[in-house]
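Visitor: I should like to learn how the features of a protein structure are read. May we go through them one at a time?

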Amino acid sequence: MKRKILISSLVLVVLTIILYTFINLKDDTKEDVMKAEPKFYVNAAHLAQSFNQEKNPMDSIFVEDIIGVEGVVTEISTLNNKQTIFLADGNGREASVLCDMQDNQINRINTLKLGDTIRVKGVFKGFLKDIILLNCIITNQNE
């Protein structure tokens with residue numbers, strides 16, 4: 001009986017520590033993107049073509065890597081109060097890179113026009129129809 005109580009108490013203490021850590025865990029991803037140097041910079045078209053070849057010729061890109069992408073703004077979306085910029089190569093192709101922007105980028109996003117060439121950096125999350133970058137910031141804007 002004492003053994004069951006001891007084991008139950010230990011399990012409760014461990015769960016409490018895990019829960020406390022999880023609740024107080026700070027999301028440093030946004031700060032990391034602001035401070036970090038991207039693993040590399042690449043043109044939006046080149047990045048999209050790389051993934052469309054059903055292989056990753058940039059063998060060094062992994063999920064959670066911070067990368068930089070330059071492209072032409074083809075769409076700006078504010079769906080569900082999230083700012084998202086779609087980048088392409090400027091040749092009329094569909095969007096190739098989807099950039100989910102940080103909230104602190106709203107002022108810069110408001111100055112963008114379709115057709116502007118910008119450079120962003122963000123956390124690479126994967127590839128579906130588009131390449132997906134999260135927590136993006138604008139690092140350079142050419143109008």
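Guide: Let us begin with a term that will be needed shortly: a salt bridge is a side-chain nitrogen of Lys or Arg within 4 Å of a carboxyl oxygen of Asp or Glu. Please bear in mind that the model shown here is predicted.

Visitor: How many salt bridges does the structure hold?

Guide: There are 4 salt bridges in the structure. One of them pairs aspartate 65 with lysine 39, and the closest N and O atoms are 3.1 Å apart. These partners come from distant parts of the chain, 26 residues apart: aspartate 65 is in the loop between H3 and E2, and lysine 39 is in the loop between helix H2 (29-35) and strand E1 (41-43).

Visitor: Is aspartate 65 buried or exposed?

Guide: Buried means under 20% relative accessible area, exposed means over 50%, and partly exposed lies in between. Aspartate 65 is buried because its relative accessible area is 15%. Lysine 39, with 43% relative accessibility, therefore counts as partly exposed.

Visitor: Which residue meets glutamate 64 in a salt bridge?

Guide: Glutamate 64 meets lysine 125, with an N to O distance of 2.2 Å. Glutamate 64 lies in the loop between H3 and E2 while lysine 125 lies in strand E5, so this salt bridge ties together parts that are 61 residues apart in sequence. Glutamate 64 counts as partly exposed because its relative accessibility is 45%, and lysine 125, at 34%, is partly exposed too.

A further salt bridge joins glutamate 70 and arginine 119, whose closest N and O atoms are 3.6 Å apart. Here strand E2 supplies glutamate 70 and strand E5 supplies arginine 119, 49 residues apart. Glutamate 70 has a relative accessible area of 26% and so is partly exposed; arginine 119 is partly exposed at 27%.

Visitor: What is the order of the elements from the N terminus on?

Guide: The protein has 4 helices and 6 strands. Read from the N terminus, their order is α-α-β-α-β-β-β-α-β-β. Contacts add to this picture: of those between residues at least 6 apart in sequence, 62% join residues at least 24 apart.

Visitor: How is the interior to be read, and which residues of the largest nonpolar core touch the most other members?

Guide: A nonpolar core is a set of buried residues of nonpolar kinds joined through side-chain atoms within 4.5 Å. The largest one in this structure has 23 residues, of which Val69, Ile85, Leu87, Val97, Cys99, Val120 and Leu133 touch the most other members. Two or more residues come from each of helix H3 (44-52), strand E2 (66-77), strand E3 (84-88), E4, strand E5 (117-127) and strand E6 (131-142). The greatest contribution to this core, 4 residues, is from E6. Over the whole protein of 143 residues, 37% count as buried.

Visitor: What does valine 69 touch?

Guide: Beyond residues up to four places away in sequence, its contacts include Tyr41, Leu47, Leu87, Val97, Val120 and Leu133.

Visitor: Where is glutamine 105 found, and is it buried or exposed?

Guide: Glutamine 105 is in the loop between strand E4 (97-101) and helix H4 (106-110). With a relative accessibility of 6%, glutamine 105 counts as buried. Its side chain has a polar contact of 3.2 Å with that of asparagine 104. Neighbours within four places in sequence aside, glutamine 105 is in contact with Cys136, Ile137 and Ile138.

Visitor: Let us turn to the surface. Which residues make the nonpolar surface patch?

Guide: Ile7, Val11, Val14, Leu15 and Ile18 make a nonpolar patch of about 450 Å². Isoleucine 7 belongs to helix H1 (residues 2-24) and counts as partly exposed because its relative accessibility is 46%. The accessible surface of the protein as a whole is about 9,200 Å², and carbon and sulfur atoms account for 56% of it.

Visitor: What is the phi of asparagine 80?

Guide: Asparagine 80 has a positive phi of about 55°, although it is not a glycine. Asparagine 81 likewise has a positive phi, near 60°. Asparagine 80 is in the loop between E2 and E3, and asparagine 81 is in the loop between E2 and E3 as well. Asparagine 80 counts as exposed because its relative accessibility is 67%, and asparagine 81 is exposed at 71%.

How values were computed:
Residues numbered from 1 in each chain as written. Predicted model: local features only at pLDDT ≥ 70, side-chain atom pairs only at ≥ 80, totals over all residues. Heavy atoms only, no water. Patch = residues over 30% accessible without salt bridge, like charges linked within 9 Å, V, L, I, M, F, W, Y side chains within 5 Å. Areas by Shrake-Rupley, 256 points an atom, 1.4 Å probe, with all protein chains shown as cover. Buried < 20%, exposed > 50% of the residue type's maximum accessible area, 1.4 Å probe, protein only. Polar contact = N/O pair within 3.5 Å; in protein donor to acceptor, adjacent residues only side chain to side chain. Contact = heavy atoms within 4.5 Å.
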